[in-house]
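Thanks for coming, everyone. Please bring the structure up on your screens, and I'll walk you through it.

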Amino acid sequence: MVIVGAGFGGLAAAQGLAGAQVRITIIDQRNHHLFQPLLYQVGTASLAPSEIAWPIRHLVRKRKEVTTLLGVVTAVDTQNRTVSFEDGGTVKYDTLVLATGARHAYFGHDEWEPYAPGLKTLEDATTIRRRVLLSFERAECETDPARRAALLTFVIVGGGPTGVELSGAIAELAHQNLPEEYRHIDTRKARVVLIEAGPRILPSFTEDLSAYAHVSLERLGVEIQLGQAVRECSDQGVIYGDQPLAAKVILWAAGVRASAAAAWAGLPADNAGRARVEPDLTAPGHPEIFVIGDTATINAWHGKPVPGIAPAAKQQGTHVARTIRMRLHGNTAQRLFRYRHSGNLATIGKRAAVIDFGWIKVRGWLAWWLWGLAHIYFLIGVRNRLAVALSWLWIYATGSRSAHLITQGEQRPRPG
Ligand SMILES: Cc1cc2nc3c(=O)[nH]c(=O)nc-3n(C[C@H](O)[C@H](O)[C@H](O)COP(=O)(O)OP(=O)(O)OC[C@H]3O[C@@H](n4cnc5c(N)ncnc54)[C@H](O)[C@@H]3O)c2cc1C
């Protein structure tokens, strides 16, 4: 059996098969499993990359039946049942799980990416951290007021959970954590502008939670612009609606595009490139291929599409593992996947959050603590849980962030 992608879905499938008589090959283009929900904290200098990522090889080290391969998959030959790598190599499968996730999308404007990086990988997060911190550094040396203002303007495009979390964290960094470290600029004057094309932020939450998040973000000093789509991104800033806004840091948190897994295997897909799967998560006409997580679409949430979130990918991975176990016992009946939604969560800075469990809604500091506990619980390994809990407590108590480091060369156009 081959699993492509060791994110939440792929890893859950491998974990669900522990102890079964199955030889598994896990292929990923990166050597680590990444806890994406906390990526924005690496991007905004609260956590270090090693606190939210784990080498895949290490995670499965005790599973002798599991082989881990580092490689970029570019094709699937469904006739000969092989998976091909970028460098030309191939691996055979009898059962295949495609769990290769999604990336941000620029609505047909991929040329904006160098100016407005999205947040999906550790490299994205350290690029964002570098740009944000570098912009303050350059502003400190800048004497021209207009250029200085542009260096101190941070634009976040997209008012979903990632945009809300990024803008809240940058506002806190600028307005609360950095002021005493600079001599020539007042970082409290930095502008953090969140631009959302829709009528409200956090559209997947109820209106009252979204209104609460709106007011809380404004209290942190975030300017929210609603109902205006970004029409242009460049090294000068953005144009949204008809307004130009000079900004040297633009962050992209809008739009999602599935990995190319559907195209590799010639499967039907929706507009975002997600493979349309059967009710049991198999590819149409291919009971030996499962497609799960962000790279698949299925109406298995009371007839609605399953959301692109980590618990959904995990549930699908577990479902696939159970199906394979039953097949091993000769039971090939179709097992329908049903998604169980446990809630929507988003943080607003380090003192408030909104949580919609469906049956109850929580907001404010209690929601923040619940959010924090849930994320610590879902991290892998005691050491990481302790490290993240300690980092948060330290930031909470002192306001000082440990990960203020500018590292990594800039391959994309630089601010300034
Ligand atoms: C910034 C951010 C914040 C988020 N916050 C939350 C949150 O708070 N709560 C929540 O529930 N969800 C959150 N999500 C969504 C959640 O992370 C995804 O829904 C989840 O990761 C999907 O799991 P997956 O297994 O489908 O894909 P992923 O976890 O993305 O894993 C895909 C894996 O496939 C690998 N891969 C991709 N292409 C190839 C290839 N060609 N060859 C080999 N390997 C490949 C990747 O390297 C990766 O390891 C967030 C996502 C992001 C980006």
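Start with the aromatics. Tyr106, Phe107, Trp112 and Trp252 come together in one aromatic cluster. Keep in mind that this is a predicted model. The count of aromatic pairs comes to 13. One of them is Tyr377 with Phe378, and the geometry is edge-to-face. The ring centres are 5.1 Å apart, with 75 degrees between the planes. How exposed is Tyr377? Tyr377 has 60% relative accessibility, so it counts as exposed. Phe378 is partly exposed, because its relative accessible area is 44% and the partly exposed class runs between 20% and 50%.

One more ring before we move on. Lys304 sits over the face of Trp301. The distance to the ring centre is 4.0 Å.

Now the six-stranded sheet. In what order do the strands run? The order is β5-β2-β1-β9-β21-β20, in an open sheet with mixed pairing. The edges are β5, residues 66-70, and β20, residues 282-283. Each of these edge strands pairs on one side only. At the β20 edge, two bridges link β20 to β21, residues 286-291, and the two run antiparallel. Ala283 is opposite His286 of β21 there. Helix α9, residues 310-328, packs on this sheet. Helix α9 touches β9, residues 96-98, along with β20 and β21. The direction of α9 makes about 155 degrees with that of β21.

Move across to β2, residues 24-28. Is β2 mostly covered or mostly open? Mostly covered: five of its five residues are buried. Ile24, Ile26 and Asp28 point one way, while Thr25 and Ile27 point the other way. Note that Asp28 and Thr25 are buried along with the isoleucines. β2 pairs with β1, residues 2-4, in the parallel sense, over three bridges. Within that pairing, Val4 has Ile27 as its bridge partner.

There is a smaller sheet topic too. Three strands make an open antiparallel sheet, in the order β6-β7-β8. Its edge strands are β6, residues 73-77, and β8, residues 90-92. Neighbouring strands here are turned by 20 degrees against each other on average, ignoring direction. Four bridges join β6 to β7, residues 82-85. Ala75 is opposite Ser84 in β7.

Next, the cores. The largest nonpolar core has 64 residues. Which residues have the most contacts inside it? They are Leu38, Ile52, Val132, Phe136, Leu217, Ile348 and Val354. A second, separate core has 51 residues, including Ile26, Tyr93, Val277 and Ala321. So we meet Ile26 of β2 again, as one of the buried residues that make up a nonpolar core.

Let me zoom in on Leu217. Setting aside neighbours within four places in sequence, Leu217 contacts Val164, Ser167, Gly168, Leu194, Ile201, Val222, Ile224 and Ile348. Ser167 is in that list, and Ser167 belongs to helix α6, residues 161-177. Is this serine buried or exposed? Ser167 is buried, because its relative accessible area is 0%. Leaving out the same sequence neighbours, Ser167 contacts Ile156, Val192, Leu194, Leu217 and Val222. Leu194 and Val222 thus show up for Leu217 and for Ser167.

That's the tour. Over to you for questions.

Notes: Residues numbered from 1 in each chain as written. Predicted model: local features only at pLDDT ≥ 70, side-chain atom pairs only at ≥ 80, totals over all residues. Heavy atoms only, no water. Pairing = 2+ DSSP bridges. Contact = heavy atoms within 4.5 Å. Axes fitted to C-alpha atoms, helices over the stretch in contact; angles between N-to-C directions. Phe/Tyr/Trp six-rings, centres within 6.5 Å; stacked < 30°, edge-to-face > 60°. Buried < 20%, exposed > 50% of the residue type's maximum accessible area, 1.4 Å probe, protein only. Lys NZ or Arg CZ within 6 Å of the ring centre and 35° of its normal. Core = buried A, V, L, I, M, F, W, Y, C linked by side-chain atoms within 4.5 Å.
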